[in-house]
Amino acid sequence: MESKTPASETLPIRAVRCLRCTYVASPVQHFGCEQCGAYGDDLEEFVLSGDGTVLEIVNVYRHPDSSLTVPAVIGSIELIEGPVIRVRLTSPDLQPGSRVFAVDEAPDAALGLVFAPALQKAS
Ligand SMILES: [Zn+2]
């Protein structure tokens with residue numbers, strides 16, 4: 001089985017947590033909490049676990065942007081801390097509900113972070 005290095009060890013994904021309502025936003029922004037409007041010292045940066053669950057998957061075979069390497073598997077991932085992000089997936093065999101984790105691969109300029117099936121996680 002292919003072994004992947006968890007990105008949480010080498011490529012931290014940062015987020016910001018609202019200390020008033022606990023809402024979590026990623027990527028980091030300091031304009032204000034998207035849920036309650038709190039700002040300033042009420043927003044605290046932290047590093048996400050990189051663990052999440054697949055919500056939906058799209059297989060891309062052709063794309064007008066030649067910078068995008070195809071075929072590609074793109075997914076919406078709900079991180080365990082709450083934020084939903086769009087990422088590139090390493091496997092076309094994932095289903096909605098599959099557990100995945102961020103892996104240490106260079107983010108794709110067009111597709112962002114890379115996530116692999118949780119079974120590949122090195123222990
Ligand atoms: Zn808030």
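Two strands count as paired if DSSP finds at least two bridges between them. The exercises below apply this to a predicted model.

**Exercise 1. Establish how strand 5 pairs with strand 6, and which residues stand opposite each other.**

Step 1. Six bridges link strand 5 and strand 6, and the sense of the pairing is antiparallel. The pair therefore meets the requirement of at least two bridges.

Step 2. Take individual partners. Ile 77 has Ile 85 of strand 6 as its bridge partner. Gly 75 is bridged to Val 87, also in strand 6.

Step 3. Look at the turn. Four residues lie between the strands of this hairpin, and Gly 82 takes a positive phi near 125 degrees there.

**Exercise 2. Find the sheet to which strands 4 and 5 belong and describe it.**

Step 1. Strand 4, residues 51–60, pairs with strand 5 in the antiparallel sense over eight bridges. Within this pair, Gly 52 stands opposite Leu 79 of strand 5.

Step 2. Follow the strands around. The order 4-5-6-8-7 describes a closed barrel of five strands, with mixed pairing. From one strand to the next, the twist averages 50 degrees.

**Exercise 3. Describe the largest nonpolar core and the surroundings of Ile 77.**

Step 1. The largest nonpolar core contains 21 residues. Ile 77, Val 100, Phe 101, Val 103 and Phe 115 have the most contacts inside it.

Step 2. Assign the core to elements. Two or more residues come from each of strand 1 (14–18), strand 5 (72–79), strand 6 (84–89), strand 7 (99–102) and strand 8 (114–117).

Step 3. List the contacts of Ile 77, setting aside neighbours within four places in sequence. They include Gly 52, Thr 53, Val 54 and Leu 55. Val 84, Ile 85 and Val 87 are also in contact with Ile 77, as are Val 100 and Phe 115.

**Exercise 4. Work out which strands form the edges of the three-stranded sheet, and why each has a free side.**

Step 1. The open sheet has three strands in the order 2-1-3, with antiparallel pairing.

Step 2. Strand 2 (24–25) and strand 3 (43–47) are at the edges; each has a single partner strand, so one side of each lacks a neighbour in the sheet.

Step 3. Check one of the pairings. Strand 1 and strand 3 run antiparallel and are joined by five bridges. Cys 18 has Leu 43 in strand 3 as its bridge partner.

**Exercise 5. Decide whether Tyr 23 is buried, partly exposed or exposed, and list what lies around it.**

Step 1. Tyr 23 sits in the loop between strand 1 and strand 2.

Step 2. Count neighbours. A buried residue needs 20 or more other C-beta atoms within 10 Å, and an exposed one has 12 or fewer. Tyr 23 has 17, so it is partly exposed.

Step 3. Beyond four places in sequence, Tyr 23 is in contact with Cys 18, Cys 33, Glu 34, Gln 35 and Cys 36. For Glu 34, eleven residues away in sequence, the C-alpha to C-alpha distance from Tyr 23 is 7.8 Å.

**Exercise 6. Summarise the chain as a whole.**

Step 1. The chain has one helix and eight strands, running α-β-β-β-β-β-β-β-β from the N terminus.

Step 2. Of its 123 residues, 23% are buried.

Step 3. Among contacts with a separation of 6 or more, 51% join residues 24 or more positions apart.

How values were computed:
Residues are numbered from 1 along each chain as its sequence is written. This is a predicted model: local features need pLDDT of at least 70, side-chain atom pairs count only at pLDDT 80 or more; totals for chains, interfaces and linings use all residues. Two residues are in contact if their C-beta atoms, placed from the backbone, lie within 7 Å. A nonpolar core is a set of buried Ala, Val, Leu, Ile, Met, Phe, Trp, Tyr and Cys residues joined through C-beta atoms within 7 Å. Axes are lines fitted to C-alpha atoms, for helices over the stretch in contact, and angles run from 0 to 180 degrees between N-to-C directions.
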